[in-house]
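Please describe the salt bridges, sheets, cores and cysteines of the structure shown below, in running text with one small table.

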Amino acid sequence: ENYLSSAGVSTEAPLETVHVAFQGTEGSYSHTAATRFFRSFENPVEFISCDSFEEALDRVQNDEAKYAVVPVENTVTGSINQAYDLLSAHNLHVVGEEIYKIEHCLLAKENVPLSQIHRVYSHPQAISLCQVFLKSLKDCHVESFADSALAARKIKLEGDPSQAAIASKEAASRFGLTILKEDLSSENFTR
């Protein structure tokens, strides 16, 4: 469709912004997978952070977003039943997929020895997948957090060098954190 400018010259209509809902905050695994999937999309894309998978799908159902990105399967934990149940309840359709390699990293405000880390925050699933590594930390309390990227943001905001988060490299970059250790769990992909 073409439009005429005030000078009478034909111009292209501006592309409509596409809204994409995802669970978590910027820097989360879902946000990074969504960014990768929509990177070659012709229209501008705006991402909407949601507190839950259900909220992300509700945004599509209520025409507040065109798409939602939710994990449906993981090579370590299998099917993510909650996502399938919600997809069925919302009468929505899968229109694409992104296979995303989950790489858990230990992030801190600054480069400190692992022996100085006394509290680690992350999403319960990340904690579960990194148990072998976490057990190697002496005198360290592990605490569940709603989202791995939110845990990383907490570390950034509090600035306590004895605290760390298990999150992605993207979260480290987004929040200006130091990666103390990479590859905290076995190879893991999410679809």
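Glu-64 has a relative accessibility of 40% and therefore counts as partly exposed (buried means under 20% relative accessible area, exposed over 50%, partly exposed in between, with a 1.4 Å probe and protein chains only). Its side chain forms a salt bridge with Arg-59, the closest N and O atoms being 3.4 Å apart, where a salt bridge is a side-chain nitrogen of Lys or Arg within 4 Å of a carboxyl oxygen of Asp or Glu. Arg-59, at 22% relative accessibility, is likewise partly exposed.

The model is a predicted one, in which local features need pLDDT of at least 70 and side-chain atom pairs count only at pLDDT 80 or more, whereas totals for chains, interfaces and linings use all residues. Residues are numbered from 1 along each chain as its sequence is written, and side-chain values use heavy atoms, with hydrogens and water left out.

By the salt-bridge rule the count comes to 10; three of these pairs are set out below.

| Pair | N to O distance | Relative accessibility |
|---|---|---|
| Arg-59 and Glu-64 | 3.4 Å | Arg-59 22%, Glu-64 40% |
| Glu-97 and Arg-191 | 3.3 Å | Glu-97 47%, Arg-191 30% |
| Glu-182 and Lys-169 | 3.1 Å | Glu-182 38%, Lys-169 32% |

The side chains of Glu-97 and Arg-191 meet in a salt bridge. This pair links distant parts of the chain, since Glu-97 lies in the loop between α3 (81-90) and β8 (100-101) and Arg-191 in the segment after β14 (189-190), 94 residues apart; helices (H or I, at least four residues) and strands (E, at least two) are DSSP runs, numbered from the N terminus. A salt bridge also joins Glu-182 to Lys-169. Glu-182 is in the loop between β13 (178-181) and β14 while Lys-169 is in helix α7 (residues 169-175), so this pair ties together parts that are 13 residues apart in sequence. Through shared partners, salt bridges join Glu-55, Arg-59 and Glu-64 into one network.

Turning to the strands, β4, β3 and β5 form an open sheet of 3 strands in the order β4-β3-β5, with parallel pairing; two strands pair if DSSP finds at least two bridges between them. Its edge strands are β4 (45-50) and β5 (67-69), each of which pairs on one side only, and the twist averages 30° from one strand to the next. Strand β3 (residues 18-23) pairs with β4 in the parallel sense over 6 bridges, and Ala-21 has Ile-48 in β4 as its bridge partner. Helix α1 (residues 29-38) lies across β3, β4 and β5 and runs at about 160° to β4, the axes being lines fitted to C-alpha atoms, for helices over the stretch in contact, and the angles running from 0 to 180 degrees between N-to-C directions.

Strand β12 (163-167) is mostly covered, with 5 of its 5 residues buried. Both of its faces are covered, by burial of Gln-163, Ala-165 and Ala-167 on one side and of Ala-164 and Ile-166 on the other. Strands β9 and β12 run antiparallel and are joined by 4 bridges, with Ala-167 in β12 as the bridge partner of Cys-105. Strand β10 (residues 119-122) runs parallel to β12, to which 3 bridges join it, and here Arg-119 has Gln-163 as its bridge partner.The largest nonpolar core (a set of buried Ala, Val, Leu, Ile, Met, Phe, Trp, Tyr and Cys residues joined through side-chain atoms within 4.5 Å) has 15 residues, and those with the most contacts inside it are Leu-106, Ile-117, Val-120, Leu-134 and Ile-166. Two or more residues of this core come from each of β9 (105-108), α4 (124-129), α5 and β12. A second, separate core of 13 residues includes Leu-107, Ala-151, Ala-165 and Phe-175.

Ser-148, found in helix α6 (residues 148-158), counts as buried at 5% relative accessibility. Leaving aside neighbours within four places in sequence, Ser-148 is in contact (heavy atoms within 4.5 Å) with Tyr-29, Ser-122, His-123, Ile-166 and Ala-167.

As for the cysteines, the count comes to 0 disulfides, a disulfide being a pair of cysteine sulfur atoms within 2.5 Å. The sulfur of Cys-130 is 9.1 Å from the closest cysteine sulfur, in Cys-105, and is therefore too far for a bond.
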